Each structure stands twice: as C-alpha cells, then as structure tokens.
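Please go through this model with me, and for each label that is used, set the value against the cut-off behind it.

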Amino acid sequence: MISRSLDAPNAPPPAWRQELREAIRSVDALCEALALEPDQLDIVDPRITGFPLRVPRSFVARMRPGDPRDPLLRQVLPVARELDHVEGYARDPLGEAEASPVPGLLHKYRGRALLVATGACAVHCRYCFRRHFPYAAHRPANWEPALEHIAADQSLREIILSGGDPLVLDDDHLAEMARAIAKVPHVRRLRVHTRVPVVIPSRVDDRLLDWLCASGGPQPIVVLHINHGNEIDRSVGNAVGRLRARGIPVLNQAVLLSGVNDRLDVLLDLSEKLFEVGVLPYYLHVLDRTDGVAHFDLDPESQIADARALRLLEELRSELPGYLVPRLVREIPGRPSKTPLVSSEAGPPIVIDDAS
C-alpha cells in the first residue's frame, strides 16, 4: 500500500517545502508585494469563487511591480468575471467523471492513463480546467485498485502523474508510487505533469532526481506548464538543466489565454526561451471551457476563437523552425486523443482525429 505521509519523520523540511508554505494566499498580500492598489484591479474575494488564491513568492518576483496587466499576475489574480456563468462553459468540460474506472485514475486514451496523485497545487491558476474537480472522491484509502487496473491492461505503456500537481508531495511518497508502477512490466514511461519546477525551481533537488531516475524503472518524462516567456528565469533554467543532466526529456504545454499570450511576439518569445533552457514546445491548448474561466477565452464563439488561434499558429510557423512550433490542440470528450486544430481552405477551422 502507498502511504500518504507528506514529510519524513524527524527530518527538517526541504527548502522547497518552506517556499510552498510561505506562498501568498491573500489578495491584499499579493497587491502589497507588487505595489498595486486593489482599486486598480477587478478583484473578487477568492473565497466567493470556491477556488483559493495561492502563488509562491518566487513566481511573484517575476511579475512587474505596479503593472495590473502583467501576464503572470493575470494568471493567478481572482477577478469578478469568474462569477459569470457563461453558456457553453461547464464544471466538467472534458467529461472526466466518465473516464474514471476506479478512484484516483483517469483512463481517457488507449496506451496511457493518469493517476490523480493529489488535489493540491503550488500555484492556483485561475483558468484551471480542474478547478471544480471532485478531488475528495479521488483520494482513495489505497492505490491498489488503480494499480490493479494498470496491471490488467497491457495496452498501458505510459502512466502520467498529475493532479493537482504531484510534485507538491514529498519524495518518499512519490518514490513509493514510482516503485509500484515500475513493477508493472508493460509500463515503459512515467510522465510527470507539473508546474512546481516553474514556480518553485528549488523543488528539483537530488531526492527528486534519485527517484525519477531509479535504476530499472520506466523512462521518466517531465512535462512543464509555462504560458509566457517571463516565467522563465535563471532559476527555472537551472532546474531544467538538472533534469536534462540526468537524461530526462523536458517538454512544455501551454494554454492560449486572452491577455496573457494571445500575440505572435509573445508566443515567439516563449518558444525561443523554452528552447534556450532545454525545453521543447509540445502542446498549445485552446482553452478548456470550464465554468469561471470565460474571460481567458479568445472569443465567446468557439469557431471565432479557433480561427484566431489558427492564425497565430500559422504566423508562428512562418517565423520558427518546425521543432519550435507547438501543436495546437483541443481536448474533446470521448475522442481517442487530443485533437489538433487545422485550417480548411473551404471553410471554418476543423479538428481531426489524432492518435499521438
């Protein structure tokens, strides 16, 4: 059975955990740190939204003081528009409730499945597609049913640790999960989806690297979530460098967000900075239409938003080599994979099936 301890007994907490504990949790503290007046911002009390504010100070340090339009601030600041209920936006836009064969496991696609390792995150991104996810129902007393499901399905070649963010858990717990997964012979890859090395780069320490690279385990892959080039500083580059030095591929998936990265120059800068620190652009997601996030969409009309996204992608493709252009995708419930958006000369944007 996999334990649920968060810290090794009688051991001093690692530096990253102290940073996590000191994260900003109030709008007043965030405004004070950035020399902003609350009346400059369309703020709402996050308690009203049911989605608390949380942002590490190391991430706040990359925001521009005095700028209410800072693209990093926009990602974490709770605003009144989160209370708008917009047609077409839902609490479970990806139909994940139907994709959970046992608590703690999401099995949407053939060949890979996702373990909901925790409901906690180091930073609360206001556009989060799982902001209404029933994490309490996915907190099993033990992980044996999920592991049994993985062992029984020999098509599962890749297991994804996600959440929440798995790297808010302590390394003993994560190492135990990784060892349990490694006992399943048909699992070849262990993918970790995380934002922690971006918002708290000190999280990438020797203990994390040791369990990720344990001898005989599945090939580890780390997928970061970076939406804007300003999120990347030297500390993030150093964290990525430590992962790559141990042979771990590092990819990035971003979300296309109004007022954050919906401009060609911003997307160009993001791809260039990612590659400079050793991260390969992987996916650019159109917004998942979750209740409370409509203000991040490029347009309330889906086809118009998709057309704008495709124009940006075509412009990006004309400026960059192919390996720096992320794949523009939408997740559609029931489809066998993420679905690429492609342009059609005969009409509006279309989506096609893709099994990658």
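Q: Why is Arg203 called buried or exposed in this predicted model?
A: Arg203 has a relative accessibility of 0%, and buried means under 20%, so Arg203 counts as buried. Arg203 is found in the loop between helix H8 (196-199) and helix H9 (206-212).

Q: What makes the approach of the side chain of Arg203 to the backbone oxygen of Leu167 a polar contact?
A: The side chain of Arg203 reaches that backbone oxygen of Leu167 at 2.7 Å, and the cut-off for a pair of N or O atoms is within 3.5 Å, so the pair qualifies as a polar contact. Leaving aside residues up to four places away in sequence, Arg203 also touches, among others, Trp16, Asp170, Asp171 and Leu208.

Q: How do you know that His295 is to be called buried or exposed?
A: The relative accessibility of His295 is 5%, which is to be set against the limit of under 20% for buried, and His295 therefore counts as buried. His295 is found in the loop between strand S7 (280-285) and helix H12 (302-319), and its contacts, not counting residues up to four places away in sequence, are Arg74, Val79, Arg81, Glu82 and Ser258.

Q: Which residues have the most contacts inside the largest nonpolar core?
A: The largest nonpolar core has 96 residues, and those with the most contacts inside it are Leu30, Val55, Met63, Leu115, Leu161 and Trp211. Apart from this core lies another one, of six residues, including Leu106, Leu114, Val116 and Tyr135.

Key. Residues are numbered from 1 along each chain as its sequence is written. This is a predicted model: local features need pLDDT of at least 70, side-chain atom pairs count only at pLDDT 80 or more; totals for chains, interfaces and linings use all residues. Side-chain values use heavy atoms; hydrogens and water are left out. Helices (H or I, at least four residues) and strands (E, at least two) are DSSP runs, numbered from the N terminus. Buried means under 20% relative accessible area, exposed over 50%, partly exposed in between (1.4 Å probe, protein chains only). A polar contact is a pair of N or O atoms within 3.5 Å; within protein, one must be able to donate a hydrogen and the other to accept it, and residues adjacent in sequence count only if both atoms are side-chain atoms. Contact means heavy atoms within 4.5 Å. A nonpolar core is a set of buried Ala, Val, Leu, Ile, Met, Phe, Trp, Tyr and Cys residues joined through side-chain atoms within 4.5 Å.
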